[in-house]
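Welcome, and please open the structure in your viewer. We will take a short walk through it, one selection at a time.

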Amino acid sequence: MRRIYLLGECMVELSQTSGGLLKQSYAGDAYNTAVYLKRMFSEVQVNFFTTVGEDQLSDNMVTSFESEQIGTDLVFRAKDKAPGLYMIDTDDDGERSFTYWRECSAARQAMQFVTAEVVGQLCMGDVFFFSGISLAVIEPNDREIFWLLMRKLKDTGVKIAFDPNYRARMWKDKTEAKIQFERAFRMADLVLPGIEDFTQLYGFDDLSSIKKFCGAHGIDELIIKNGAKSVYCMSEQQVQEIEISPVSGVVDTTSAGDSFNGGYMGARLQGLSIADSVAVGATVAGFVILHPGAIVPNQTFTKFNEQIIQPALLNMAETCQ
Ligand code: ADP
């Protein structure tokens with residue numbers, strides 16, 4: 001069985017319903033990726049690596065991980081800490097704004113739980129995924145532990161996957177983010193950025209500057225997401241730009257990149273080609289953005305999975321043979 005570990009922070013999400021009530025759910029980039037990956041690729045063992053608190057909210061959060069069949073062996077409990085929280089406000093024009101309470105969240109403590117046993121377990125994975133948000137959440141004093149862990153995993157043969165997901169407010173300044181991203185680019189075998197990551201942090205807004213920048217970092221597999229336009233793929237075997245069919249009726253683009261990553265990595269773990277894996281990632285992302293919130297309700301997603309994704313996967317597997 002193929003196995004992936006994803007490091008990140010899952011937060012409590014509060015959003016307003018049309019009736020003015022608050023709806024509570026759980027979300028966070030690496031967690032969203034884990035959920036979509038597992039929903040489409042049930043045969044892959046998906047494990048989330050994080051820290052929560054010892055409170056009721058944390059218990060409920062872990063129960064929701066379990067209900068998504070996500071492995072919780074590496075979900076640690078920090079005393080006197082609680083999960084981070086964010087609230088989505090929608091103004092009269094439908095514009096969404098986010099307010100976060102995550103400075104002291106439990107997830108910041110994850111590196112404190114890295115023991116020889118944890119390292120041993122992570123070494124048994126095929127892929128280890130983290131994002132720029134996972135990186136920003138780690139306490140700055142613990143970052144060396146994280147990089148030592150990455151080195152060990154890479155030396156053991158675990159593939160390292162990274163999505164920069166740059167969020168300016170999570171970093172002291174651009175220099176701090178660039179230093180950490182530089183290390184991530186050099187460590188990662190698979191990088192899954194969006195164009196905006198480079199525009200905001202490096203000032204690049206065209207594909208050719210981004211390609212040049214990434215080319216200098218020796219990344220084995222580079223998959224650049226460019227919204228509704230295309231996905232640019234570069235690997236040892238080939239370079240290709242795959243067009244995206246834009247969907248109409250987009251409701252909320254939250255989690256587009258995360259669900260793409262889940263589809264892409266799940267498909268690659270099952271041995272599909274880069275082009276087929278992009279097709280899976282783009283199909284799921286195109287569906288997710290037709291629904292509000294980061295995670296599409298399981299019942300709605302199951303229908304889509306059974307009717308669209310699983311037949312497509314079967315077809316791809318048959319064509320491969
Ligand atoms: P991120 O969310 O990381 O910024 P993008 O905006 O590039 O990433 O979106 C991720 C993926 O979602 C794209 O690669 C594409 O497959 C899909 N996507 C985004 N917008 C659309 C759209 N309007 N129509 C169809 N697919 C889309």
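How many bridges join E6 to strand E7, and do they run parallel or antiparallel? Select residues 96-101 for E7 and residues 85-90 for E6. Six bridges join this pair, and the two strands run antiparallel. Before going on, keep in mind that this is a predicted model.

**Stop 1: around Tyr86**

Stay with E6 and click on Tyr86. On the E7 side, its bridge partner is Tyr100. Now add strand E2, residues 11-16, to your selection. E2 is joined to E6 by four bridges, and this pair runs parallel. Here Glu13 is the residue that stands opposite Tyr86. Tyr86 therefore makes a handy landmark, with Glu13 opposite it and Tyr100 as its partner in E7. As a general point, strands of a sheet pair through backbone hydrogen bonds, in either a parallel or an antiparallel way.

**Stop 2: the nine-stranded sheet**

Next, colour the strands of the open sheet, which has nine of them. Follow the order E5-E4-E1-E8-E9-E10-E11-E12-E13, and note that the pairing is mixed. Look at the edges: strand E5 (75-77) and strand E13 (239-243) stand there, and each has a single partner strand, so one side of each is left without a neighbour in the sheet.

Then move to strand E10, residues 190-191, which is joined to E11 by two bridges. These two strands run parallel. Pick Val191 and you can find its bridge partner, Leu222, in E11.

**Stop 3: the ligand**

Now select the ligand, which sits in the largest pocket. Strand E11 (221-226), helix H9 (256-269) and helix H10 (274-288) are the elements that give two or more residues to the shell around it. H9 gives the most, with three residues.

Which residues come nearest to the ligand? Of the 16 around it, these are Gly227, Pro246, Val247, Gly257 and Ala285. By kind, the shell divides into eleven nonpolar residues, four polar and one charged.

Zoom in on three backbone contacts:

- Gly227: a backbone N or O atom lies 2.7 Å from an oxygen atom of the ligand.
- Val247: a backbone N or O atom lies 2.9 Å from a nitrogen atom of the ligand.
- Gly257: a polar backbone atom is 3.1 Å from an oxygen atom of the ligand.

Finally, show the ligand's surface: taken alone it exposes 560 Å², and the protein buries 81% of that.

Note on methods. Residues numbered from 1 in each chain as written. Predicted model: local features only at pLDDT ≥ 70, side-chain atom pairs only at ≥ 80, totals over all residues. Heavy atoms only, no water. Near = heavy atom within 4 Å. Polar contact = N/O pair within 3.5 Å; in protein donor to acceptor, adjacent residues only side chain to side chain. Areas by Shrake-Rupley, 256 points an atom, 1.4 Å probe, with all protein chains shown as cover. 1 Å grid on protein atoms, 1.4 Å probe; cavity = no way out; pocket = protein on both sides within 12 Å on 5 of 7 lines; lining within 4 Å. Sits in = over half its atoms within 2 Å of the grid points. Nonpolar A, V, L, I, M, F, W, Y, C, P; charged D, E, K, R; others polar. Pairing = 2+ DSSP bridges.
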